[in-house]
Amino acid sequence: MAKQNEIPRSVAVVGRPNVGKSRLFNRLLGRRVSIVHDMPGVTRDLIVERVPGDDYLLMDTGGIGLFTEKETPKVIADAVEEQVAFAIQAAELVLLVTDVSQGCTPLDLDVAARLRRSGKTVLLVVNKVDNDDRKMGQGDFFRLGFGTPILISAEHNRGLDFLRQAILEKIGAPAPAEDAASAAREPEPIRICLAGRPNVGKSSLGNCLLKESRLIVSEVAGTTRDPIKARLDYTDKDGNVTHFELVDTAGKRAKNKFDTLEYFSALRTDDAMSRADVCFLVIDAETGVTRLDKQLAGQLVKLGTGLVVVVNKWDLARKHFAAGTPVGGYSGEEEFRRAFAAAVNRELFFLPGSKIIFASAKENFRVQTMLAEAIALHARMNVQLPTAQINRAIHDAMEAQPPRMISGRRFKCYYAVQTGNKPLRVRLFCNSEEKLDEAYERYLISKFYAAFDLGGVPVKFDFVGKPKQDRGEKSRSSGGNAES
């Protein structure tokens, strides 16, 4: 029976830094989720995933005793320790991971004492037993007081089957799988992603959305390294509940500044963004749109995800105006907000009509508006447009402003049909796609957005020219964004 604050069928992987916790976490999951690196302190936030088949919740934690003046500032190390404490409290079973190559260290003894005080069920795991000779070092770990250790090599996949069986013996076998009918009744959560360059407040916004300190927040850029997933529920004013899966990503840096660790972190961020239904592009109210913001926005448009712009740290502007101090020559906040939105629209003119939300994680100002917009945008992302209405919208736009003549011929669209979502794709059968200039294409797409209220939904037109069908298609996309 689960204790108070304990999550049934949950397992926490804990230990001092660099003993192989993240590699073990990935092995038990059967896929790479946590970044594995020889440098201590790579894992900082609590990473939680459900183990397929065995059906339990697995938590990867940062190293206990992480603080070093050079590599891990104290503010981050303290936040990691807080996350580890939460994982231990929440877990039904704790895997204490140690390193046979270094023996039983004083820090291992400290961690063991902490676990004994918690009263949790503990399995002692001795990692890096890469060969039979290393088995001789297991005797040193009996000092930890958790009985016979389980010897494994996460890197070489040794002893993992025995460990899996030991875990199930402690937490019990998984319940029988639900039948297809009952599984179908459970709606899939809307996957939302916080994306942006380092230190724009993504983790702070995530904590506001989750209404708990689930994500490590620090002024040190690069604090978040792995994409962090968490479930949350949102109840609207009518009592309707929507389930979300929130992913906080590592800040995107310039490509020429990557080291090995940041390279893998960037790959995980790219994967998280591509899987999202809706991405929030977070920019800093103090700096406005930067070159990196533009690069990331362009990447998100290419991915085809629903897109919302969030201007975080808006409390700074609100404070100035509340004190009667003008900002940038503007006397009122509303006037300044409109000017700021216009500047964002100019810099990110290629976005698909994305709404701009002015928010403050620090003051929890308009943060929940993000979820309401995500629900509306997700519905727009999955819309199936009637073919007759698509053709009417294209026809009306071309009639209102006909395309110009090129080489004695005018572009004509004979028929249009929706062919997919994410991005919303429309195939246009034309006399020749080469007769359409870029400016007119942008005009057609802008009219398409207006006709179907598709703000934030990437749209791609695939032009199929009648004489050029054997040469394939070419895709183009465009748009503009709107203030909230």
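## The end of helix α13

Let's start where α13 stops: the helix is followed by Asp 453, whose phi is positive, near 55°. Keep in mind that you're looking at a predicted model.

At the other end sits another aspartate. Asp 437 caps the N-terminal end of α13, with a side-chain oxygen 3.2 Å from the backbone nitrogen of Ala 439.

## Along helix α13

Does the length of this helix add up, and what span should you expect? Helix α13 covers residues 438-452, and at 1.5 Å a residue its 15 residues should span 21 Å; the end C-alpha atoms are 22 Å apart, so the two values agree.

Which residues of α13 are buried? The list runs Tyr 440, Glu 441, Tyr 443, Leu 444, Ile 445, Phe 448, Tyr 449 and Phe 452. As a rule of thumb, residues three or four places apart on an α-helix point the same way, because there are 3.6 residues a turn.

## A buried aspartate in α8

Now over to Asp 293, which belongs to helix α8 (residues 291-303). Asp 293 has 0% relative accessibility, so it counts as buried, the cut-off being under 20%.

What does its side chain pair up with? The side chains of Asp 293 and Arg 197 are joined by a polar contact of 3.2 Å. Leaving aside residues up to four places away in sequence, Asp 293 touches Leu 281, Val 282, Ile 283 and Gly 288 as well as Arg 197.

## The whole protein

Zooming out, the protein has 13 helices and 19 strands, and 50% of its 484 residues are buried. Of the contacts with a separation of 6 or more, 71% are between residues 24 or more positions apart.

As for the outside, the accessible surface is about 22700 Å², and carbon and sulfur atoms account for 49% of that.

Methods
Residues numbered from 1 in each chain as written. Predicted model: local features only at pLDDT ≥ 70, side-chain atom pairs only at ≥ 80, totals over all residues. Heavy atoms only, no water. Helix = DSSP H or I, 4+ residues; strand = E, 2+ residues; numbered from the N terminus. Buried < 20%, exposed > 50% of the residue type's maximum accessible area, 1.4 Å probe, protein only. Contact = heavy atoms within 4.5 Å. Areas by Shrake-Rupley, 256 points an atom, 1.4 Å probe, with all protein chains shown as cover. Polar contact = N/O pair within 3.5 Å; in protein donor to acceptor, adjacent residues only side chain to side chain. Expected span 1.5 Å × (residues − 1).
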